Amino acid sequence: MKNMVISYSFGIIDFLHFGHIRLFEDARKYSNRHILGLISDTAIYSWHGTLVSSYEERLAVLQGVKYIDEIRLQNSFDPLPNLQLIHKEFPEAKIVLYIGNDRNFVPCENYLITFDNSMSFCFAP
């Protein structure tokens, strides 16, 4: 699809809260499709060691969120591998990485800026 915009966000989402819903809603509002990268249990345990809900439980909850069109497994805290796959699947689409406003850096920013306006990022309100 020409002029397609895909928004991508990612996270642990152990406790779904209003801030998550706002981010998903905003990401979906400005795109044709919103994809969420749900971080794997293995990546979470290696980074911070605790988790309340398993991947399968988090996935089941998030599948009910109307602003998310697709959920993909993300095996690290770096969204780059999933962004590269999405770019390969939808080479003509513009991809926007949505980042929660609780972060002070953009993962894979250097990679994103190498694309001529076909990939970008924004911080959620």
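The following exchange concerns a predicted model of one chain.

Colleague: Which element of the chain has the lowest mean pLDDT?

Modeller: The chain as a whole has a mean pLDDT of 85, and 78% of its residues reach 70 or more. Among its elements, strand β3 (residues 70-74) has the highest mean, 98. Where pLDDT is low, the predicted coordinates should not be read in detail. The element with the lowest mean pLDDT, 53, is strand β5 (residues 119-123).

Colleague: Which residue has a positive phi although it is not a glycine, and is that residue buried or exposed?

Modeller: The residue is I13, with a phi of about 50°. I13 is placed in the loop between β1 (5-11) and α1 (18-29). Its relative accessible area is 9%, and the limit for a buried residue is under 20%. I13 is therefore buried.

Colleague: Does the end-to-end distance of α1 agree or disagree with its expected span?

Modeller: Helix α1 has 12 residues, and at 1.5 Å a residue it should span 16 Å. The C-alpha atoms at its ends are separated by 16 Å. The two values agree.

Colleague: How are the buried residues of α1 arranged when seen down its axis?

Modeller: The buried residues of α1 are H20, L23, F24, D26 and A27. Viewed down the helix axis, they fall within an arc of 165°, so they line one face of the helix. The face turned away from that buried side carries the exposed residues F18 and K29.

Colleague: What covers the buried residues of α1?

Modeller: The buried set includes H20 and D26. For D26, the relative accessible area is 13%, and its C-alpha atom is 8.9 Å from that of Y98, a residue 72 places away along the chain. The cover of the buried residues includes β1, β2 (33-39), α3 and β4 (94-99).

Colleague: Which residues does H20 touch, not counting those up to four places away in sequence?

Modeller: H20 is placed in helix α1, and at 18% relative accessibility H20 counts as buried. Its C-alpha atom is separated by 9.9 Å from that of S9, 11 residues apart along the chain. The residues that H20 touches are I13 and F15.

Colleague: Which side chain meets that of R28 in a salt bridge?

Modeller: Side chains of opposite charge can pair when their charged atoms come close. R28 lies in helix α1, and its partner lies in the loop between α3 (55-62) and β3, 41 residues apart, so that the pair links distant parts of the chain. R28 is partly exposed at 25% relative accessible area, and the partner is also partly exposed, at 36%. With an N to O distance of 2.7 Å, the partner is D69.

Colleague: Which helices are tied together by the salt bridge between R58 and D41?

Modeller: The side chains of R58 and D41 meet at 2.7 Å, N to O. Both residues are buried. They are 17 residues apart in sequence, and the pair ties together helix α3, which holds R58, and helix α2 (residues 41-47), which holds D41.

Colleague: Which residues are joined into one network by salt bridges that share partners?

Modeller: The structure holds five salt bridges. One of them pairs R72 with E70, the closest N and O atoms being 2.6 Å apart, and R72 is buried at 12% relative accessible area. The network formed through shared partners joins R33, E70, R72 and E89.

Colleague: Which members of the largest nonpolar core touch the most other members?

Modeller: In soluble globular proteins, nonpolar side chains tend to be buried together. The largest nonpolar core here has 16 residues, with β1, β2, α2, α4 (80-89) and β4 each supplying at least two of them. The members that touch the most others are I6, Y8, I39, I86 and L97.

Colleague: With which residues is I39 in contact, leaving aside its neighbours within four places in sequence?

Modeller: I39 is one of the members of the largest nonpolar core that touch the most others. Its contacts beyond those neighbours are F10, G11, I12, I44, Y55, R58, Q74, S76 and F77.

Colleague: How many residues form the other core?

Modeller: This core lies apart from the largest one. Its members include F24, L62, V65 and V96, and F24 is also one of the buried residues of α1. The number of residues in this core is 14.

Note on methods:
Residues numbered from 1 in each chain as written. Predicted model: local features only at pLDDT ≥ 70, side-chain atom pairs only at ≥ 80, totals over all residues. Heavy atoms only, no water. pLDDT = per-residue confidence, 0-100. Helix = DSSP H or I, 4+ residues; strand = E, 2+ residues; numbered from the N terminus. Buried < 20%, exposed > 50% of the residue type's maximum accessible area, 1.4 Å probe, protein only. Salt bridge = Lys/Arg side-chain N within 4 Å of Asp/Glu carboxyl O. Expected span 1.5 Å × (residues − 1). Arc of directions from axis to C-beta. Contact = heavy atoms within 4.5 Å. Core = buried A, V, L, I, M, F, W, Y, C linked by side-chain atoms within 4.5 Å.
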